[in-house]
Amino acid sequence: MAANVQKFRTLAISMNHCLESRLLLHHYRLLHHGPDTVEELLDRHVVKKEKSLDDDENERLTRQRLTSSRREALSLYRDILRGTRFFMWPNSQGILWRDVLRENARKEFEEARFERDPEVITRLLIGGHDAVQAALDKVVEKQKQEIEKQRRNSNTP
């Protein structure tokens, strides 16, 4: 048994020696295949600046984002103008609700005209679309109620 233990010890020592020599050889190869010039060394190990888009590309992307927001804003404004056609009754001062709503929409859009934050712009656009849809849904519901009321009144003698 002692002979077997001695055999395994010598085998382990020789394997360990073999692994160490391979690691040294591998390390030597890495150093040998290193950069040939100082520029290559610096290029490999100095932290590089992130690839950035040139100014023209940045400007184009910014314009594209603004253009899509601008398009959406114009679409919302047109939807508001179309939706106000249904508000043909006067308020307490005798001014048509259509005109009041259009004036308020214009004022809101002018206030947000120079907003550049994409999150704020998106929030305003979504809120505007939701408000227009809710107002039109209420008008449709009221119109249905009025039609139903007129049918009941015309059916009763």
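## Helices in this model

A helix here is a DSSP run of H or I that is at least four residues in length, and helices are numbered from the N terminus. The model is predicted. Three helices recur below. Helix 3 covers 55-83, helix 4 covers residues 97-111, and helix 5 covers residues 118-155.

## Helix 5

Helix 5 has 38 residues. At 1.5 Å a residue, its expected span is 56 Å, and its end C-alpha atoms lie 55 Å apart, which agrees. Six residues of helix 5 can be named as buried: Val120, Ile121, Leu125, Gly128, Val132 and Val139.

Ile126 also sits in helix 5. This residue is partly exposed, at 48% relative accessible area. The C-alpha of Ile126 lies 9.9 Å from that of Glu72, although 54 residues separate the two in sequence.

## The nonpolar core

Which residues make up the largest nonpolar core? There are seven: Leu76, Tyr77, Ile80, Ala105, Ile121, Leu125 and Val132. Helix 3 and helix 5 are the elements that give two or more residues to this core.

Ile80 illustrates the packing. Neighbours within four places in sequence aside, Ile80 is in contact with Ala105, Phe109 and Val132. Ala105 and Val132 belong to the largest core as well.

## Aromatic pairs

Two aromatic pairs are counted. In one of them, Tyr77 and Phe109 meet edge-to-face. Their ring centres are 5.1 Å apart, with 75° between the planes. Tyr77 lies in helix 3 and Phe109 in helix 4, so the pair ties together parts that are 32 residues apart in sequence. Tyr77 is buried, at 18% relative accessibility. Phe109, at 25%, counts as partly exposed.

Phe87 and Trp89 form a tilted pair. Here the centres are 5.5 Å apart and the planes make an angle of 50°. Phe87 is buried, with a relative accessibility of 13%. Trp89 is partly exposed, at 41%.

## Thr84 in the loop

Thr84 is placed in the loop between helix 3 and helix 4. Is this loop residue buried or exposed? Thr84 has a relative accessible area of 3%, so it is buried, the cut-off being under 20%.

Thr84 has polar partners. A polar atom of its side chain lies 2.8 Å from the backbone oxygen of Leu81. The side chains of Thr84 and Arg102 share a polar contact of 2.7 Å. Residues up to four places away in sequence aside, Thr84 touches Arg98, Leu101 and Arg102.

## Salt bridges

Side chains of opposite charge can pair when their charged atoms come close. How many salt bridges does a search of the whole structure find? The search finds five.

Arg98, a contact of Thr84, forms a salt bridge with Asp99, the closest N and O atoms being 3.2 Å apart. Both residues are partly exposed: Asp99 has a relative accessibility of 34%, and Arg98 has 21%.

Arg113 and Glu110 form another salt bridge, at 3.4 Å from N to O. Arg113 is exposed, with a relative accessible area of 52%. Glu110 is partly exposed, at 34%. These two residues are also part of a network of salt bridges that links Arg106, Glu110 and Arg113.

A further salt bridge joins Glu146 and Lys149. The closest N and O atoms are 3.8 Å apart, inside the 4 Å cut-off for a salt bridge. Where do the two residues sit relative to each other? They are three residues apart in helix 5, so about one helical turn separates them. Both are partly exposed: Glu146 at 40% relative accessibility, and Lys149 at 43%.

Terms used:
Residues numbered from 1 in each chain as written. Predicted model: local features only at pLDDT ≥ 70, side-chain atom pairs only at ≥ 80, totals over all residues. Heavy atoms only, no water. Salt bridge = Lys/Arg side-chain N within 4 Å of Asp/Glu carboxyl O. Buried < 20%, exposed > 50% of the residue type's maximum accessible area, 1.4 Å probe, protein only. Core = buried A, V, L, I, M, F, W, Y, C linked by side-chain atoms within 4.5 Å. Contact = heavy atoms within 4.5 Å. Phe/Tyr/Trp six-rings, centres within 6.5 Å; stacked < 30°, edge-to-face > 60°. Expected span 1.5 Å × (residues − 1). Polar contact = N/O pair within 3.5 Å; in protein donor to acceptor, adjacent residues only side chain to side chain.
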